[in-house]
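Me: Please pick one part of this protein and take me through it closely. I would like the cut-offs stated as you go.

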Amino acid sequence: MSGTLAKIAEIEAEMARTQKNKATAHHLGLLKARLAKLRRELITPKGGGGGGPGEGFDVAKTGDARIGFVGFPSVGKSTLLSNLAGVYSEVAAYEFTTLTTVPGVIRYKGAKIQLLDLPGIIEGAKDGKGRGRQVIAVARTCNLILIVLDVLKPLGHKKIIENELEGFGIRLNSKPPNIGFKKKDKGGINLTATCPQSELDTETVKSILAEYKIHNADVTLRSDATADDLIDIVEGNRVYIPCIYVLNKIDQISIEELDIIYKVPHCVPISAHHRWNFDDLLEKIWDYLKLVRIYTKPKGQLPDYTSPVVLPYCKTTVEDFCMKIHKNLIKDFKYALVWGSSVKHNPQKVGKDHTLEDEDVIQIVKK
């Protein structure tokens, strides 16, 4: 482990020394690829032993979404967690044998949202402290990450935390790069770019791929891509997670300063201690989670608006809905009646491939 960390530090130092220009782009690309490979060793343990990177976390599957909180000690993260959980809580904290206490599950707009403290991700990077593999494995399964910052010293902390998360293959508030990549058996490296490239040329692409011992592949660059983008695609283990920066302790700044903060993208100013602006924070959390609520209607009864079935926005077909309730439901499925914005007339008879929208009402008709 320490050998890997030493190598990482060495490459980072060399990259810091290297001036960025056309002549060195090629060399930097190589160093970045080497760095990515070393970092992967930190994320995924070598050898067949153990239960893999996510062992022991099947317990955590309660709720409709999971939010991970990251922040330095003393920024007010635990106050925020306990106050949010205290105000909106429905379940008392329960122990994780392998991690720490889960501050709880809050109910918001009918969805159960799990709040997780992700301790020790930050500032252990250089010397292998912190970096609990389990914590990272959990961070990668979150639907949303909240980075809690002290409003009086936000920027330095923000950078450190982002770098740590990036190093673990977590990409915040971004989409996967628009790069086509297909390995082949022969024919060398074929590079096609559908738009002008400011950083990647054939030579750089070839040398990055050579670092991965890939000598035959088709690469299509559909946007102006960087070496990092290409490495992300080749590594193939990146997770793309939305992120909100929570700026705490706003009771200590002026109104003028607060106005400026409000203009920063992905930011919500709060005071955890005074419970100021929690409504705003929850509203933004809801926006970023993009959950879809579906209400069920038993035959001959009114819809149940108290406990929706909550689906992630990418999986909202009638079939996804059935699977969330019980996997046998789809076997007996004949058709569904749907009321709401996803249908042209109410109710409409639909099949299992129909895509549902937020706050639709559904009645399943069995064979």
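Reply: Happy to: what follows is a walk around one helix, its two helix partners and the sheet beside them.

A word on the ground rules before we start. This is a predicted model, so to speak of a local feature I need a pLDDT of at least 70, and side-chain atom pairs count only at pLDDT 80 or more, whereas totals for chains, interfaces and linings use all residues. Residues are numbered from 1 along each chain as its sequence is written, and side-chain values use heavy atoms, with hydrogens and water left out.

The mean pLDDT (the predictor's confidence in each residue, from 0 to 100) is 85 for the protein, and 86% of the residues reach 70 or more. Two stretches call for caution. Residues 47–60 have pLDDT below 50, and beyond near neighbours in sequence this stretch has 16 contacts in the model, a contact being heavy atoms within 4.5 Å. Residues 89–99 are also below 50, with 29 contacts in the model beyond near neighbours in sequence.

Now to the helices. Helices (H or I, at least four residues) and strands (E, at least two) are DSSP runs, numbered from the N terminus. Helix α2 spans residues 22–43 and helix α6 spans residues 202–211; their axes come within 9 Å and cross at roughly 25°. Axes are lines fitted to C-alpha atoms, for helices over the stretch in contact, and angles run from 0 to 180 degrees between N-to-C directions. The two helices are therefore roughly parallel to each other; under 35 degrees counts as roughly parallel, over 145 as roughly antiparallel, 65 to 115 as roughly perpendicular and the rest as oblique. α2 passes α6 in a right-handed crossing: the near helix is turned clockwise from the far one by less than a right angle, while anticlockwise would be left-handed.

On the α2 side, the contact uses A25, H26, G29, L30, A33, R34 and K37, and α6 brings E203, T204, S207, I208 and E211. By type, these residues are four nonpolar, four polar and four charged; Ala, Val, Leu, Ile, Met, Phe, Trp, Tyr, Cys and Pro count as nonpolar, Asp, Glu, Lys and Arg as charged, and the others, Gly among them, as polar.

The second partner of α2 is helix α7, residues 227–235: the axes come within 10 Å and cross at roughly 35°. This crossing, too, is right-handed. Here α2 offers G29, K32, A33, A36, K37 and R40 to A227, D228, I231 and E235 of α7. The residues of this contact divide into four nonpolar, one polar and five charged. G29, A33 and K37 of α2 take part in the contact with α6 and also in the contact with α7.

Both partners also lie across strands. α6 lies across β7, β8 and β9, running at about 135° to β8, and α7 lies across β7 and β9 at about 45° to β7. The three strands form an open sheet in the order β7-β9-β8 with mixed pairing, where two strands pair if DSSP finds at least two bridges between them. β7 (179–183) and β8 (189–193) are the edge strands, each pairing on one side only. From one strand to the next, the twist averages 10°. β8 pairs with β9 (residues 217–221) in the parallel sense over five bridges, and T192 has T220 of β9 as its bridge partner.
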